[in-house]
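Here are a few exercises to work through with the model open beside you. Try each task before you read the solution.

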Amino acid sequence: MRLPSIKELRGFLAEALRQAVEQPLYSMGIAAYRQGVRLAALRNPKARKLNEGQSEIWSRLDKAIKPGDRYIWLHAASLGEFEQGRPLIEKIRSIHPEYKILLTFFSPSGYEVRKNYQGADCVCYLPFDTPKRVRKFLYKVNPEMAIFVKYEFWRNYLHELWRRQIPTYLVSAVFRKNQFFFKKRSAWYGHWLKWYTRIFVQDDNSRRLLEGIGITNVDVTGDTRFDRVTDILRARKDIPELDSFVGRKGESERAPFVMMFGSSWPEDEAVYGDWLRMRKEVKAVIAPHEYDEARLEKLKEIVPGEVVLMSEVKSDPKAAEGKRVMVIDCFGLLSSAYAYADAAYVGGGFGVSIHNINEAAVYGIPVVFGPENAKFIEAQELKTLGGGLEVVSADSFARVADKLLYDRMELDQRGEWAGEYIKEKTGATDKVLSVIMK
């Protein structure tokens, strides 16, 4: 047996020292965050849901997992990541029925919407990433593989999965030069990536960045979200309230011009509100990202006297008469609602980051969004192709929206570019599965 070299021994010692310092500090930070959530739950509804959901994890797992079950575990931080992971879940279920699926979320905005998702055998929150909870969770589930979606780097989970030799994958990932993995002061984060069995990235730039820090177990497969939105297009629902509100003349003709505002935040409404009030020939459909009674009342004031809630139309179809703005006050319809629009504005770009622009582009319509979009490859590529349009203020939104409203050739051409882009990007799901399901 070959004895380790001095260089190898130094490496082993450095790694052991790093682990001895890093793991306790990280775990203390997670434990402190857990306590912070408990305190915030006293006043914050979102924290309260997270706190309550954490207390239900073990009973849900006890009810779902039986001796002999073969589970594949997929973790999605929130709803957007779930939509990326969903094509994998559904394809695995169709071709490998011998496996059961555990789906976990960290954010209430994902869990609360998809806790009854029929594509998984069990849906629950992810226990906080402390060593004791991690060991308890993995002992109970004993997954045959773990799949994390896009931006999920839970240190203790990754290390314990690696230690137990459970194949662990990161899918639809995107890496950028300014992330902590690639900075000298925080380069130790890069060690976490070595615990993945395989990393599937969206583009060559991500692969090159990872290679630069010694991570070579990487495949460029694209983004599984393109497969998901294509599935949505094929299975979209008719929405009777929008059928009557939009007043479509025929199969492909609509009157008047319809603008869809998806995943809208108050910051977005400040950008498009004035334009919408002035353009009386436009009908608008607004789907707020989150809402409560107070939020809906604010939305009704965007165009005073001319806004109706979808729930009101459902109760009384005549409620839509004389209105030119409908607010979708329920979840689960946004992806189908884009089919009723001539153009779409996708929100979030004047806050943290834009939401899913592919859901709109798949219908072959131009997509407008705010400036916080640098993290999204599809936004950069759609801008380059012309199917996506970035706006940076209320004035620039008005200019872009007027061009789409009054120039039919511009509208149709940009919509065609958007639709073709989506078609060319499909296939990532099959590429990933061809590796992990060998």
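**Exercise 1.** Find out which residues of α17 are buried.

*Solution.* This is a predicted model, so start from its coordinates. Take under 20% relative accessible area as the cut-off for buried. In α17, that picks out S396, F397, V400, A401, D402, L404 and L405. Now look at the spacing: an α-helix has 3.6 residues a turn, so residues three or four places apart point the same way. As for the helix itself, α17 covers residues 394-406, 13 residues in total. From first C-alpha to last, α17 reaches 18 Å, close to the 18 Å expected at 1.5 Å a residue.

**Exercise 2.** Place E372 in the fold and decide whether E372 is buried, partly exposed or exposed.

*Solution.* First, locate it: E372 sits in the loop that runs between β13 (367-369) and α16 (377-385). Next, check the cover. The relative accessible area of E372 is 40%, and buried means under 20% while exposed means over 50%, so E372 is partly exposed. Then list the partners: skipping neighbours within four places in sequence, E372 touches G349, G351, V352, S353 and I354. Finally, try V392, which is 20 residues from E372 in sequence and 9.2 Å away in space, C-alpha to C-alpha.

**Exercise 3.** Work out how compact the chain is for its 438 residues.

*Solution.* Begin with the inventory: the chain has 19 helices and 14 strands. Its radius of gyration is 24 Å, close to the 22 Å from the globule rule, so the chain is as compact as a globular protein of that length. Then look inside: 53% of the 438 residues count as buried.

Terms used:
Residues numbered from 1 in each chain as written. Predicted model: local features only at pLDDT ≥ 70, side-chain atom pairs only at ≥ 80, totals over all residues. Heavy atoms only, no water. Helix = DSSP H or I, 4+ residues; strand = E, 2+ residues; numbered from the N terminus. Rg over C-alpha atoms; globule rule 2.2 N^0.38 Å. Buried < 20%, exposed > 50% of the residue type's maximum accessible area, 1.4 Å probe, protein only. Expected span 1.5 Å × (residues − 1). Contact = heavy atoms within 4.5 Å.
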